[in-house]
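Trainee: I would like a close look at one part of this model. Please take me through a salt bridge and what surrounds it.

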Amino acid sequence: MTAEHQRLSANNKKPIPLEQWGPYLSERQWGTVREDYSTNGDAWGYLPFDQSHFRTYRWGEDGIAGISDYFQNLCFAVSMWNGKDHILKERLFGLGNYQGNHGEDVKELYYYLDNIPTHYYMEYLYKYPQQAFPYDDLIEGNRKRSKLEPEYEILDTGVFDNDDYFDVKVTYAKQGPQDIFIKIDVTNRGIKTAPLTLLPTLWYYNRWVYTPEEPRPKISYKSRTTVKAEHERMGTYYFYFLKPDDLLFTENETNLFKAKGETNKDCFTKDAFHEAVISGLHIDELRSKKEGTKFSPVYNMKVRGGETKTIYCRLTNKDTSKPFSAGCEKIFEQRKEEADAFYDMVLPPDHPEDLKKIQRQALAGLLWSKQYYHFDVERWLNTSDGITPVNEGKKNGRNNEWTHLKNQDIIAMPDKWEYPWYAAWDLAFHCISLAMVDAVFAKHQLQLIMREWYMKPDGQLPAYEWNFSDVNPPVQAFAALQIYRIEKETTGQGDIPFLKRVFQKLLINFTWWINRKDRNGNNIFEGGFLGLDNIGVFNRSFHLPGEMQLEQADGTSWMGMYALNMLDIALEIAKVDRAFEDTATKFFEHFVLIAEALNGHAMWNEDDKFFYDTLCIAGSDPLPLKIQSIVGLTSLFAVSAIDKETLDILSDFKKRITWFENYRLRNNKYWPNEERSDGEEILLSLVKKDRLIFLLQRLLNEDEFLSGGGIRALSKYHEKNPYSVTIDGSEYTIQYDPGDSTSNLFGGNSNWRGPVWMPINYLIIRAIRSYGEFYGDNLLVDCPEGSGKKLNLVKVADVLTKRVISLFTKDDTGKRKIYDEYNWFYQKPGNEDLVLFYEYFHGDSGKGLGASHQTGWTALVATLIGSHLIPKEELMEGDVENSQETDA
C-alpha cells in the first residue's frame, strides 16, 4: 500500500470518511438560492458579484484556491492585487445569468493541477492579468453579443496576448490531519517587472449571527509572523507566515453603509482590506487592531520578468517556535512523491503520458470539487439576512415544500463556480469516477442524498436548489452497481451491505416514481425536463393546456433502466441472502411491463424506426413529436445479462421467470429477453435485436448522431430539417444547434440540441459494450454507418470511447479539440499540459462549452481512459481504420 492508501484505510474506519481539512471552500457563494432573501426569488439579482465583497454570506464562504475544515468554521484562501483593479482579486469573477449571452459563466483562467483523496497534497493554478482585470469589457462584450454568437471570453479581451500576467500557484502539503503547509509561487510570465500585492487570508464563517449567545471566534495577534485562531468547538489553531510588509485585521461583517445606506459606518467590515490596500482608507485602524474574524499578512512584491517569488504559510493546531525549520520544502517534495506513487497504483502504467496527465487532472478536478454545502430550508424561509425582512414571497415561493431538508455536508459538486450546488443525477456520475480513487467516499456520497435530511418523506430525491421538486433521471441504482463493481474489481471483494442500504432507500424512491410519474398506471412515464434542459421542442416541465399529456420516451426508458438496475442489485444480494430473491422477481416483472409499454405504445415510429415522445390529446390520435434526439436513444441504456451460474444458484427466481415467460408467450404478450444459443446467458433489454440495429444505424451515422468527439444530443439531421409543432395556437420549433444554447430554457446556459455530453456518451458506450459482449460476432454493424466496415459492438464501443477521449488529447500539431480557437494560448510554454473539463462539447468541432470546470460528470473521461477493455495501444490510434474490422 502507498502512503496515501494507508491514510485512506484509516479514514475509511471513520463514520464519515473525510479529512477534517480539504478544498471545501466554494468558488461562488453569491448568486445562489441559499443567499437569496428577496421577495421574488431573484437569486442572481439579490446578491450579485459586485456586492459579494462587502456583504456577509449566510450559508457558506467562497475564495480562490481555498480550503476549510469540514464544517467551514475556519477558511483560508489567497487574495491579490495587480495595482490597477478597483477591487482585490478575492474571488473568481463571472457573469450572472442575465449578463451573459448564454447565461452565467466564469470569466477566469484557473486549473486544478493535482489532488489526492486525503488532500495531503494539492496544487491549484490561477492566472492573474497584470493589466486591469477586464470586468467591464467582459460584461459589455457579452451583452453586445446575441445568442447566435459565441461567448466573449477573457482570452478574447487581449489581457493575456503578450504574456503580461502572473501564474499564482498554490500548493498544499499536510504534515498531519491538522497541520497544513502552504506554498504560494508567484511567477511573472511576462518580460517586464510588475507589482503584485499578495494577501494569504484567514477568516471565520459568520455563524455568530445565528448564535449571538455563544462566544464569537477570534483571530488574534501573537507575533509579527503568527496569529492565533480560537474557536469554541474547533479549538485553537496557529497561522504562521513569512515576515510580511503589513498585518491587517477586520471582521467578517456586512458593510451596512454600502448594503443599506446606514450612516454609522464601521470600518471593520468584510471589504476593509479592499479599501485599505487599494486606497489606504482606514489602514491605520486595521493595522492597530489586534484581533478580529478576518486576517491577512500583506506582501508587496515587485516581480521581474520570468522571476518566481515564493511565500510560505502554515496552518496548524501546534504551537511552535520554529514553524519553518530548515528543509520545510521537503514536506512538499515528500507529499508530491506520495501523490505520484498513489496515481502509479491507480492509473494504467503503460498508457501514453498525455493520457495519464488527462486522467490525473480529471480526478484531481473531481477531488478539488468537494465543497461544504449548508442549507436548512425551514430556517432559510423563516429568517432574515439582516437586509431584507422575512417576507411572504419567499415563505410561499421556491422550495417551500422542502422544509425537512437540512443539509450540512461535504459534497462533490458539478462545478464549484457555475454549479456550486448538488444535482441528484450529476452526483451519481461523480461517484462512479470517485470510486477509482476513493470507493468508500463514493459510496458515502451516493447514500448521502438518500438520507432522511435529503430525501422527501414520500421518497422523492431533491433535484437541485433552484427547484428541489424538479425531476432528474433516476440513475442512482446504476451508479451503485458501477461503484460496487469498480471496488470489487480493485479489492476482490464486493460490499454487499452497501448494496443493501442503497437498495432499501431506492425501493422508496422507485415507489415514488410509480405512484407520481405514471399518471395512467400504464407503465408510460413522465418526468418533465429530466435533466436535459432544452432537449424538447418546448419546455417539457410545463403543464400542457387542456386535456393534453406528454408521454415521454426517455422517462419510460429511464424507468426501464431503473427497474433493470434494481433487478441486478437484488440478484447480487440474493446470492448471499435469499430473502432478496422475491424482490428480484418483482423488479423483473416491472422491467417486462415497462418494456412492453415502451415497445407496444405509439412511441416507436415504424416509419422512422425511432422512439419519440408522444403528445396525447383527448379525442385525437397520439401525436409523435418527431425529434431525433437522445430521448429516443435512452432506450438503449437498459441492458443486462443474467448468467447461468446466477440462475442455477437462484432456482426459485429461475422457476418464476420461466413461468412468467411461458405465460406471456402463450398469451401473445411482449417478452423482452433473448437467450444466448449456448444457454449460458439471458439478455434483458428494452429493445430487441431488430430495433437495436435500426437505432445503431442512426447513432453511428456521421450525418446524424455520430461526431468526431462522440454522440450528439440531437441529430445533425435537424440542421437542414427543423421540427415544428403547433400547440394551442403557438408554434414551437427545434433545430440542430451544435454550440451554445440559442434558447432561454432553464437559464440558457446549457444546450442539449446538438452538443456532445459526457454522461450520455458514457451510458451509450457501456450499453453498446454490454450488447457486444452478449452478441459477439453474431451482430456486426457498419461503423461509421455507410462505410462498409463491419464491427462487432464491443469494437463499436471502443471506437466511441476513442472519439470521446480525442476531445482532450493533442493532435500532431499539439492542439486539443476542446480549445479550438484558443489553442494559441495552450500551446505556449508552460501551458501545454493544462486541461479543462467542460460541461459539454460542440457537436461539430469538439470545442469545450458551458461550465469550464465540470470535473463532476466530465471526469467520467478518466473512467473511459482507465477501461482495461480497450487495448492500450489502440487508445492513441486513429478511428475505425485502426480497429479490427470485417469486410462487408
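Mentor: Start with Arg360 and Asp340. This is a predicted model, and in it these two side chains form a salt bridge, with the closest N and O atoms 2.9 Å apart. The pair links distant parts of the chain. Arg360 sits in helix α9, residues 353-368. Asp340 sits in helix α8. The two residues are 20 apart.

Now check exposure at each end. Arg360 has a relative accessibility of 16%, so it counts as buried, the cut-off being under 20%. Asp340 comes out at 24%, so it counts as partly exposed.

Asp340 has another partner. Its side chain also meets that of Lys336 in a salt bridge, at 3.0 Å from N to O. This contact stays inside one helix: both residues lie in α8, which spans residues 329-346. They are four residues apart, about one turn of the helix. Lys336 is partly exposed, with a relative accessible area of 29%. Asp340 therefore pairs with Lys336 within α8 and with Arg360 in α9.

The general idea is simple. Side chains of opposite charge can pair when their charged atoms come close.

Stay with charged residues a little longer. Glu4, Arg7, Arg335 and Glu338 are linked in a network of salt bridges.

For a second pair between helices, go to Arg664 and Glu596. Their closest N and O atoms are 2.8 Å apart, in a salt bridge. Arg664 lies in helix α20 (residues 651-666) and Glu596 in helix α17 (residues 581-600), so the bridge ties together parts 68 residues apart in sequence. Here too, look at the two ends. Arg664 is buried, with a relative accessible area of 4%. Glu596 is partly exposed, at 26%. For the whole structure, the count comes to 70 salt bridges.

Charged residues also turn up around empty space. The structure holds seven cavities of 30 Å³ or more. The largest has about 340 Å³ of space. Its lining is made of 23 residues, and the closest to its centre are Asp105, Glu153, Tyr822, Tyr838 and Ser852. Two elements, β5 (105-106) and β35 (848-849), give two or more residues to that lining. By class, the lining divides into 12 nonpolar, three polar and eight charged residues.

Notes: Residues are numbered from 1 along each chain as its sequence is written. This is a predicted model: local features need pLDDT of at least 70, side-chain atom pairs count only at pLDDT 80 or more; totals for chains, interfaces and linings use all residues. Side-chain values use heavy atoms; hydrogens and water are left out. On a 1 Å grid over the protein atoms alone, a cavity is a set of points where a 1.4 Å probe fits but cannot get out, and a pocket is an open set with protein on both sides within 12 Å along at least five of seven lines; lining residues have an atom within 4 Å of a point. Grid points are joined across faces, edges and corners, and a volume is the space filled by probe spheres set on the points. Ala, Val, Leu, Ile, Met, Phe, Trp, Tyr, Cys and Pro count as nonpolar, Asp, Glu, Lys and Arg as charged, and the others, Gly among them, as polar. A salt bridge is a side-chain nitrogen of Lys or Arg within 4 Å of a carboxyl oxygen of Asp or Glu. Buried means under 20% relative accessible area, exposed over 50%, partly exposed in between (1.4 Å probe, protein chains only).
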